[in-house]
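I opened this model to look up its sheet, its helix packing and its buried parts. My entries follow in the order in which I checked them.

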Amino acid sequence: MTERALGQSGLSIRPFMLGGNVFGMTADRDASFAVLDRFVELGGGMIDTADVYSAWVPGHKGGESERMMGAWLKAGGARDRVMIATKVGMMPGGLKPDRIREAVQGSLDRLGTDRIDLYFAHKDDPDVPLDEVLGAFGELVDAGVVDAIGASNYSADRLAEALRVADGNGLPRFTVMQPELNLLDRGQYQGALQDLCVAEGLGVVTYFSLASGYLSGKYRSVDDIGQSARGPRVKPYVEGKGPAMLAAMDTIAAETGATLSQIALAWVAAQPGVTAPIASATSVAQLDEIMGSENLTLTAEQLAALTAAGA
């Protein structure tokens with residue numbers, strides 16, 4: 001599988017990134033270990049997690065995903081065969097420099113590793129000057145505990161400002177952006193942010209690439225969403241442009257033999273500036289399916305049909 005340069009980070013990844021948000025949440029130890037083992041077996045490259053995963057679950061406090069990945073690594077997981085991306089900024093303290101220093105050590109301890117390949121600011125923190133944020137990240141890069149830094153959920157204006165601050169003060173640049181992007185949710189990335197990422201040569205990895213699972217085709221009616229915990233998330237799609245999108249995807253599935261999930265991820269991977277979509281799996285079978293998107297190349301006509309269906 002041909003790898004793609006992840007912007008100017010110095011890292012290269014395949015056109016698929018494994019989401020680790022489910023580890024320790026909807027995927028227990030056995031399921032998490034099985035998915036991670038299979039990901040390595042298939043030659044997968046980078047796993048995405050965050051210190052906040054999964055603090056929103058009753059009884060959880062954050063760090064569950066990192067802790068599960070650390071247990072897998074300790075049990076024999078191949079650290080030298082995977083890259084790890086994690087994030088800071090959603091927990092109390094935001095992106096204050098002291099919080100970043102504290103958070104990275106917590107992530108390293110939970111993961112059981114001495115370095116993080118890619119460290120994201122999980123969201124913008126307007127209360128902390130950008131030079132202080134980038135300065136704190138720079139300390140981590142200089143110390144060798146972080147290889148590259150990225151930004152998630154930044155607006156185009158704030159990302160542009162961060163790049164100017166970095167260049168003007170000799171601080172490290174964000175080299176990777178992580179926005180929301182899927183066939184039905186395009187507003188955060190497409191437009192000014194996409195133009196900026198392309199112009200500045202940032203790598204782009206996208207979250208919610210399957211629209212909370214809606215684009216798998218499992219939720220085609222109100223009855224379907226009523227049987228799932230994801231119901232509230234996917235209901236707007238069922239009542240909006242979702243059915244028309246699924247119809248367009250069904251046509252392409254008939255033409256290619258691909259699953260709807262594979263089609264959805266292949267469309268994201270084909271968008272200008274995108275390095276890879278992020279998607280998670282709670283079983284080996286699900287991982288095998290979604291990683292099959294790497295081998296699907298949609299035609300110009302198919303891409304155009306999908307783009308039009310969600311316009």
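**Barrel strands**

I looked up Tyr-119 first and found that its bridge partner in strand 7 is Ile-149. This is a predicted model, in which local features need pLDDT of at least 70 and side-chain atom pairs count only at pLDDT 80 or more, while totals for chains, interfaces and linings use all residues. Residues are numbered from 1 along each chain as its sequence is written, and side-chain values use heavy atoms, with hydrogens and water left out.

Strand 6 and strand 7 run parallel and are joined by 5 bridges; I take two strands as paired if DSSP finds at least two bridges between them. Helices (H or I, at least four residues) and strands (E, at least two) are DSSP runs, numbered from the N terminus.

I then traced the whole sheet: it is a closed barrel of 8 strands in the order 3-4-5-6-7-8-9-10, with parallel pairing. From one strand to the next the twist averages 30°. Angles run from 0 to 180 degrees between N-to-C directions, and axes are lines fitted to C-alpha atoms, for helices over the stretch in contact.

Strand 4 (residues 46-48) pairs with strand 5 (residues 83-88) in the parallel sense over 3 bridges. Ile-47 stands opposite Ile-84 in strand 5. Helix 3 (residues 97-111) packs on the sheet and touches strand 5, strand 6 (116-121) and strand 7 (146-152); contact means heavy atoms within 4.5 Å. The direction of helix 3 makes about 140° with that of strand 6.

**Helix pairs**

I checked helix 2 (residues 64-74) against helix 3: they pack at about 40°, with their axes 7 Å apart. That makes helix 2 oblique to helix 3, since angles under 35 degrees count as roughly parallel, over 145 as roughly antiparallel, 65 to 115 as roughly perpendicular and the rest as oblique. Glu-66, Arg-67, Met-69, Gly-70 and Leu-73 of helix 2 meet Ser-107, Arg-110 and Leu-111 of helix 3.

Helix 5 (residues 156-169) and helix 6 (residues 192-200) pack at about 25°, with their axes 9 Å apart. I therefore note helix 5 as roughly parallel to helix 6. The residues in contact include Leu-159 and Leu-163 of helix 5, and Leu-193 and Leu-196 of helix 6.

**Buried parts**

How many residues of helix 10 (residues 260-269) are buried? I found 10 of the 10 buried, so helix 10 is largely enclosed by the rest of the structure. Buried means under 20% relative accessible area, exposed over 50%, partly exposed in between (1.4 Å probe, protein chains only). The buried residues of helix 10 pack against strand 1 (4-5), strand 9, helix 9 (242-256), strand 10 (276-280), helix 11 (284-291) and helix 12 (300-309).

In strand 7, 6 of the 7 residues are buried, so this strand too is largely enclosed by the rest of the structure.

I also looked up Tyr-219, which lies in the loop between strand 9 (203-206) and helix 7 (222-226). Tyr-219 counts as buried because its relative accessibility is 7%.

**Cores**

The largest nonpolar core has 91 residues, and Phe-23, Tyr-119 and Leu-159 are among those with the most contacts inside it. A nonpolar core is a set of buried Ala, Val, Leu, Ile, Met, Phe, Trp, Tyr and Cys residues joined through side-chain atoms within 4.5 Å. Apart from the largest core lies another, of 14 residues, among them Met-46, Ala-148, Val-176 and Val-205.
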